[in-house]
Amino acid sequence: MKLILLGPPGAGKGTQAVRLVKHYGIPQISTGDILRKAVKEGTELGTLAKKYMDSGELVPDEVVIGIIRERIVEPDCEKGYILDGFPRTIAQAEALDAMLAKMDTAIDHVVNIAVRDEEIVKRLTGRRTCSNCGAGYHILFDTPKEEGVCDKCGGKLIQRDDDKEETIRARLKVYRQQTEPLIAYYEKKGLLRMVPGEGNMEEIFDAILKALGEDFDGKSV
Ligand code: AMP
C-alpha cells in the first residue's frame, strides 16, 4: 500500500503514521524527519535546509524530490510506504506521479487530516521532543512524569525551533498557499479520503482505517 498523509503541520500526521507503520508493516517516510536528521548531522543538505526550516518556508522542490526518489527504491519500500509531509506542492505531487509511473506503480490512497488553525497553534506550541531519543510529548495533552525530562530515556525535552508561534503562523500560511491545493489535485484523481483530525488519537486512527476501507478490527470490508 502506498499512502500519502496530507494535512496542515500539527494535524497529527507523524503520530498517525507511527500507528499505520505498525498496522501495515510498511515504513513511514517523513521528509521533515530526514531533513532534521541532516541538520543535526551538519551535512550539506542540512545546511541548505536549515535556513528554510527555521523560517517556516518550504525547502526547494528539487531537493525534497531528490530525497524521495532515493528513498522509495530502498528494499524496505517494496511492499509500500506512508509518505508523511511529502508532497507539499503541486510540483512535488507531479514529480511523484511521474516517478511512480516509471516504476509502473501509483499511489493507492491520500488521507487528508483536517484541523483548524487555532487548534494547530495550541497543539504545536506545546509540543516537546526528547533531544536524545526523539520521543514526543505535549505540555497539555501528553505530559512527561517529570517536567522537561523524557520518561523513556531521561533525555532533555526540547521545543523544535519551528514550533515557536511566529514560525507556526508562517508554516500555516505556506500550507494554505502551497500545500492545500493538493486536496483538489488528489480529489480529481479519486484518491482523496477526508478524516477529521480533532478528537483523540485512537478515534482518528480508527477513522483513517475506516477511510481506507477497513473495519475496526483491521479487516478489509
Ligand atoms: P514537517 O516536520 O513535515 O512539518 O517539516 C518541517 C519542515 O521541513 C517544513 O516546514 C519544511 O521547511 C521542511 N519540509 C519537510 N517536508 C518538505 C517538503 N515535502 N517540501 C518542502 N519542504 C519540506
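A contact, for the purposes of this tour, means heavy atoms within 4.5 Å. This is a predicted model, in which local features need pLDDT of at least 70, side-chain atom pairs count only at pLDDT 80 or more, and totals for chains, interfaces and linings use all residues. Residues are numbered from 1 along each chain as its sequence is written, and side-chain values use heavy atoms, with hydrogens and water left out.

**Whole chain**

Begin with the entire protein selected. Of the contacts with a separation of 6 or more, 69% are between residues 24 or more positions apart. The C-alpha trace spans about 50 × 45 × 35 Å along its principal axes. The radius of gyration (taken over C-alpha atoms) is 17 Å, which agrees with the value near 17 Å for a compact globule of 221 residues; that rule is 2.2 Å times the number of residues to the power 0.38.

Colour next by secondary structure: nine helices and eight strands appear, each being a DSSP run (helices H or I, at least four residues; strands E, at least two) numbered from the N terminus. Colouring by burial then shows that 44% of the 221 residues are buried. Buried means under 20% relative accessible area, exposed over 50%, and partly exposed in between (1.4 Å probe, protein chains only).

**Salt bridges**

A search of the whole structure yields 18 salt bridges, each a side-chain nitrogen of Lys or Arg within 4 Å of a carboxyl oxygen of Asp or Glu.

Select Asp 97 and Lys 189, whose closest N and O atoms are 3.3 Å apart in a salt bridge. Asp 97 belongs to helix H5 (residues 90–102) and Lys 189 to the loop between helix H8 (181–188) and strand S8 (192–196), so the pair ties together parts 92 residues apart in sequence. Asp 97 is partly exposed at 23% relative accessibility, and Lys 189 is partly exposed at 42%.

Move to Arg 127 and Asp 163, which form a salt bridge at 2.9 Å, N to O. This pair links distant parts of the chain, 36 residues apart: Arg 127 is in strand S5 (residues 127–130), and Asp 163 is in the loop between strand S7 (157–158) and helix H7 (165–179). Arg 127 is partly exposed, with a relative accessible area of 24%, whereas Asp 163 is buried at 1%.

Extend the selection to Arg 160, Asp 162 and Arg 171; together with Arg 127 and Asp 163 they are linked in a network of salt bridges.

Finish at Arg 176 and Glu 180, a salt bridge with its closest N and O atoms 2.7 Å apart. Arg 176 is partly exposed at 28% relative accessibility, as is Glu 180 at 31%.
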